[in-house]
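This report describes a protein model in plain terms. Please look over the sequence and the structure before reading on.

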Amino acid sequence: MDNTSNNKTITAFRPRLLYCTIFIWNTLTVGKFTAPLLQHLSPNNFTDGIIGLTFAIQYGIAGCVSTWGGSYADAQEKKSTRWGYGRIQVLVMFLTLGTLSFLGHTLPHYMNLPTDTKFVLVWHVAMRCIYAVSLGVIAPALDGLALAHLDCAENSSTVDFGKERMYGALCWGLGSFIAGVGIDQYGFNFLYIFLIISTITSYIGMGIYLWGLSRDTSGNFKKYSVIFDDVSSSNNNGYQNEETTPSGNNEKDDGISNYELLHMICKTNYAKAIMLFTFLLAMGIAVVDNMAFIFFETLGASDAMDGLTVVFTVAVEVPAFSIAPLMLQRYGCGRMLLGAGVAYVIRVVGYTLIPYGKMYIVLMLEILHGVSYAGSKAGSVEFISRSIPDGHEAAGQGILMFVTYSGIVAGLIVAGWIQETLGARFMFRVMAVIVSIGLIVLLLAEILCDKDTIRPSKKEEEGEGQMTHSDSCQSSASAFADEETEKFLRTLKYDSLGKVSVHKFVYNVLLSYLYTVTDDNNGTTLLGILKNKWVRDW
């Protein structure tokens, strides 16, 4: 009897499961209802300027913690005996910390403390600071886990990050709508009950994800040691499975510091332009994410209407994340970011033209947020993931968070002061000018600068024929026997940001095939024989 039907491959659950549960949790702890909540908790203390300063402190702490948080998550993953368990443990610990800090906002009320005292103000700011620590670890750990998973799984690569992240956007919209309706019906206490439910759901989601990893039979989520010898002397296309033990192995990149990673990312003018634009766009997006609901109240919006605006943003954000891999492959990271910036400028300038009571215009403008946020997130994450060595996914995303949150801090400080003194409409115009400056710089870099600075994604590497795995199941070293030839192939194939010219792609597929064929007499590859004769004349 044929047993093939009984040997079907069981694959692990995708990271989208984690994005779904954790982003509903994010909706409550750091979503757009946080500013109205603070005003509700202490109306006299939390003016527009104080709210902006509070969020600036929160994101400043998160940004400083994020570089450490990403490295810590990577380190815990290396110590773990099973793939993915280290980062999941980090997520559980800091998600618990974030939940407790948010619930801490309820204590002054239950202790019957006056809401307008300085102690109450300091208490609420302290709770946001503690929450910032959890945020600074959860975000890079989650994105790093997703990128590592995609790099391991078959038929996927880090380019597919948007397809996973879109589920987070979908649940962000769902959670915001439920929160808005719940606040209208039951008041802000609804947030605390919903938070407890979402926390338990997140624990269950992470448990299911780990269960899926334990059932996986594809062999992709194992820990490997890289073989640097001749490919022909090893099985499995150049890498060998080793016993699953804590990673005390001598991996080549283990000693890389965050400063060295930052230097790798910003080594060219084009990369510097991308990071500057990411900083400036973060300034603008932070204002919309954290202070827009206060502005909408001046237009006559209810809490339910505020929640509905998020649904409209997600209506475009989800498909934008879905097509992000295709857009990245076709246009590259830089042009994705340019599109995000243009959408943002149009949106906030539109805010300044809306009269009182015309919230339907806001709903139409919110559609542009899906383009700006999805484009900026997918473009920047992919740029960072291709600029750093494998095994440092969370650390790389921690550096991206540091740059992003630095922009958020600057944006909230400036925007809070302008909104309190000159009004929200003037503040949005200033944000449009700031992001426009970043657009001009990035556009000039896109036109003038050399963009051949980052390594290809795994999907593109598969066109070269051989793949390797590091101890955390990422391709971190060459499977080519001739390291010099590998560099030669890469420089031919990748023009800029992973965009492939057709004739070079076809040509290099041929070269890759020739390299896998060896001369039976002396074991020399045919590519090695032919290279000096005609390759350089191409």
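How many nonpolar, polar and charged residues does the lining of the largest cavity have? The model is a predicted one, and in it the lining of the largest cavity is made up of 23 nonpolar, ten polar and six charged residues.

## The whole protein

The protein contains 19 helices and four strands. Of its 538 residues, 57% are buried. Among contacts with a separation of 6 or more, 81% are between residues 24 or more positions apart.

## The largest cavity

Rolling a probe the size of a water molecule over the atoms shows where empty space is left. Three cavities of 30 Å³ or more are found in the structure. The largest cavity holds about 830 Å³ of space. It is lined by 39 residues, and R165, D289, Y373, K377 and Y405 are the closest to its centre.

Several helices take part in this lining. At least two residues each come from α1, α6, α7 (161–186), α10 (269–298), α11 (303–322), α13 (359–387) and α14. Helix α10 gives the most, with eight residues.

## Two helices compared with their expected spans

The table sets out α4 and α15, with the span from first C-alpha to last beside the span expected at 1.5 Å a residue.

| Helix | Residues | Length | Span | Expected span |
|---|---|---|---|---|
| α4 | 85–103 | 19 residues | 27 Å | 27 Å |
| α15 | 424–448 | 25 residues | 36 Å | 36 Å |

The reach of α4 is close to the expected value, and the reach of α15 is likewise close to its expected value.

## Helix α4 and G86

An α-helix has 3.6 residues a turn, so residues three or four places apart point the same way. In α4 the buried residues include I88, L91, L95, G98 and F102. Other buried residues of α4 are Y85, G86, R87, V90, F94, T99 and S101. The buried residues of this helix pack against α1 (16–30), α2 (34–41), α3 (48–79), α6 (118–152), α8 (189–215) and α14 (393–421).

G86 is one residue of α4 to look at in detail. Is G86 buried or exposed? G86 counts as buried because its relative accessibility is 0%, and the cut-off for buried is under 20%. Not counting residues up to four places away in sequence, G86 touches Q76, E77 and S80. The C-alpha atom of G86 is 8.0 Å from that of A75, a residue eleven places away along the chain.

## Helix α15 and F428

The buried residues of α15 are A424, M427, F428, M431, A432, I434, V435, G438, L439, L442, A445 and E446. F428 lies in this helix. With a relative accessible area of 0%, F428 is buried. Apart from neighbours within four places in sequence, F428 is in contact with V287, V288, F295, V348, Y351 and T352. F428 and R347 are 81 residues apart in sequence, yet their C-alpha atoms are 9.5 Å apart in space.

## Aromatic rings and T309

Across the whole structure there are 20 aromatic pairs. In one of them, F296 and Y351 meet edge-to-face, with 5.7 Å from centre to centre and 85 degrees between the planes. This pair links distant parts of the chain: F296 belongs to helix α10 and Y351 to helix α12 (residues 324–351), and the two are 55 residues apart. F296 is buried, with a relative accessible area of 0%. Y351 also counts as buried, at 0% relative accessibility. Elsewhere, Y19, F23, F161 and W172 form one aromatic cluster.

F296 also appears among the contacts of T309. T309 lies in helix α11 and is buried, with a relative accessible area of 0%. Besides F296, T309 touches F293, M359, V362, L363 and E366, again leaving out residues up to four places away in sequence.

## An exposed loop residue

Most residues other than glycine have a negative phi. What sign of phi does N112 have? N112 is not a glycine, but its phi is positive, at about 60 degrees. N112 lies in the loop between α5 (107–110) and α6. With a relative accessible area of 68%, N112 counts as exposed, because the cut-off for exposed is over 50%.

Notes. Residues are numbered from 1 along each chain as its sequence is written. This is a predicted model: local features need pLDDT of at least 70, side-chain atom pairs count only at pLDDT 80 or more; totals for chains, interfaces and linings use all residues. Side-chain values use heavy atoms; hydrogens and water are left out. Buried means under 20% relative accessible area, exposed over 50%, partly exposed in between (1.4 Å probe, protein chains only). Contact means heavy atoms within 4.5 Å. The expected span of a helix is 1.5 Å times one less than its number of residues. On a 1 Å grid over the protein atoms alone, a cavity is a set of points where a 1.4 Å probe fits but cannot get out, and a pocket is an open set with protein on both sides within 12 Å along at least five of seven lines; lining residues have an atom within 4 Å of a point. Grid points are joined across faces, edges and corners, and a volume is the space filled by probe spheres set on the points. Ala, Val, Leu, Ile, Met, Phe, Trp, Tyr, Cys and Pro count as nonpolar, Asp, Glu, Lys and Arg as charged, and the others, Gly among them, as polar. Rings of Phe, Tyr and Trp (its six-membered ring) pair if their centres lie within 6.5 Å; planes under 30 degrees apart count as stacked, over 60 as edge-to-face and the rest as tilted.
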